[in-house]
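Let's take a friendly walk through this model together. Have the sequence and the 3D view at hand, and follow along one stop at a time.

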Amino acid sequence: MAVSIAIWSQVLTPGRRVRVIPGADFRLTTATFGEDVVDEKGRSTIKLYRLAMPEDDEEDDEEEDEDEDEEKELTFEKEPVVIGHLIPGKIESQLFDLVFSEEEPVEFEITGKNKIHLVGNYIDQNPLPLPDGEYDSEGDDDAYDLDEVSSDVAMDPNDLLMEDSDSDESVHATIEEVKEKEVVTKSEKKDKKRPRESTEGEAEVEVSKKDKKKKQKLESGAAAPVNGDAEKKESKKEDKKEKDGKKEKKKTIRTTKSGVTVDVRTEGKGPAAKNGQKLSMRYIGKLQNGHVFDKNVKGSPFTFTLGKGEVIKGWDEGLAGLNVGTEAVLTIPPSAAYGNKKMDDIPANSTLTFEVKVLSIK
């Protein structure tokens, strides 16, 4: 079984074909985008080029003159093997289990505009076996050398054999006695248990009669509940409460007319925000790949007037009606954000996510 030794990594840049000449066997395990994603929509394809197999004539030449072959450039296959695809926002990493030999250089190439990081481990495919129960027979003989035993405890081998045979006969006799006793005790136990079975049957009949009496109607006309029925009713009530709780949670998510999704995580207890009021906010703005492009988490809060167009349309719609103290997540489509315009770290046609908290309303 292969053993991991150290981390292996390689950065692939679009438009460049990278040759990897490994110093040892390695396993490719992961391919992922870099920290900065240039193209938010473009797909990247990972290609692998292997060494071209030499023809028969070339093999004969290699045997004749190895020195000349070492000076020749490596030749790789013209057609690559596609090993994976990455798409921003959908498939941003991919797992592999590809093993490459130290003696076989390879080349990688990617399409698209985004950098890709390859990660894996250097491995040892033939690790040394650990010692497991090995011993030296000669050492054991030395450790138990009978010549070193004191003469006063030495015995004749024939005496030992006679004692062993006597002990074996006594052991067999003891086993036979124990078996006979076990047979007797088992038969006695069976005889003792028979009257017990009849009493258990009578007890079951009495219990069933009591249950029937409980199910008969009371003087008021209502049926007396049995323990099992009461437990079922309680479990139904608990299930109903759980369903009602789930329904209440679903009500905290709403969508505006422009397609803005408002997911309320914590409901505030203050007054609700209305158009024309001044709001003080904390927020963190993210792209769909998790990149934070703007935030206000400390110091002076961000303030603006709701419904006056001072912020993007998604904020004016999504924050309307939220109470002071409310924490929510706004998912804003491009049409309610910056549309097809690029704004600093925000690419064109980007869906934005804001984690917001309403601090105060004036």
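Our starting point is a charged pair: Glu77 and Arg50 form a salt bridge, with 3.8 Å between the closest N and O atoms. Glu77 sits in the loop between α2 (66-71) and β5 (81-86), while Arg50 belongs to the loop between β4 (44-49) and α1 (56-64), so this contact ties together parts that lie 27 residues apart in sequence. How exposed are the two partners? Glu77 is partly exposed, with a relative accessible area of 24%, and Arg50 is also partly exposed, at 42%. Please keep in mind that this is a predicted model.

With that pair in view, you may like to look for other salt bridges. The structure holds seven of them. One involves Asp97 and Arg27, whose closest N and O atoms are 2.9 Å apart. This pair links distant parts of the chain, since Asp97 is in strand β6 (residues 93-100) and Arg27 is in strand β3 (residues 26-33), 70 residues apart. Asp97 has a relative accessible area of 58% and counts as exposed because the cut-off for that class is over 50%. Arg27, at 21%, is partly exposed; the limit for a buried residue is under 20%, so Arg27 falls outside that class.

Further along the chain, the side chains of Arg265 and Asp263 meet in a salt bridge, at 3.0 Å from N to O. Are these partners buried or exposed? Arg265 is exposed, with 57% relative accessibility, whereas Asp263 is buried, with 18%. Another place to visit is the group of Arg17, Arg19 and Glu107, which are linked in a network of salt bridges. As a general point, side chains of opposite charge can pair when their charged atoms come close.

Now let's turn from side chains to the backbone. In general, the strands of a sheet pair through backbone hydrogen bonds, either parallel or antiparallel. Which order do the strands follow in the open sheet built from four strands? They run β2-β7-β4-β5, and the pairing is antiparallel. At the edges are β2 (18-20) and β5, each of which pairs on one side only. Neighbouring strands of this sheet are turned by 25° against each other on average, direction ignored. To see one of these pairings in detail, look at β4 and β5: the two run antiparallel and are joined by five bridges. Among the residues involved is Lys47, whose bridge partner in β5 is Val82.

Two buried residues make good final stops. Thr256 is found in the loop between β9 (253-255) and β10 (261-266). With a relative accessible area of 13%, Thr256 counts as buried. Which residues does Thr256 touch, not counting those up to four places away in sequence? They are Val262, Glu317 and Gly318.

The other stop is Ser280, placed in strand β11 (residues 278-286). Ser280 is buried too, with 11% relative accessibility. Leaving aside neighbours within four places in sequence, Ser280 is in contact with Pro301, Phe302 and Thr303, and also with Lys357, Val358, Leu359 and Ser360. If you display these residues around Ser280, you can follow the contacts one by one.

Notes
Residues are numbered from 1 along each chain as its sequence is written. This is a predicted model: local features need pLDDT of at least 70, side-chain atom pairs count only at pLDDT 80 or more; totals for chains, interfaces and linings use all residues. Side-chain values use heavy atoms; hydrogens and water are left out. A salt bridge is a side-chain nitrogen of Lys or Arg within 4 Å of a carboxyl oxygen of Asp or Glu. Buried means under 20% relative accessible area, exposed over 50%, partly exposed in between (1.4 Å probe, protein chains only). Contact means heavy atoms within 4.5 Å. Two strands pair if DSSP finds at least two bridges between them. Axes are lines fitted to C-alpha atoms, for helices over the stretch in contact, and angles run from 0 to 180 degrees between N-to-C directions.
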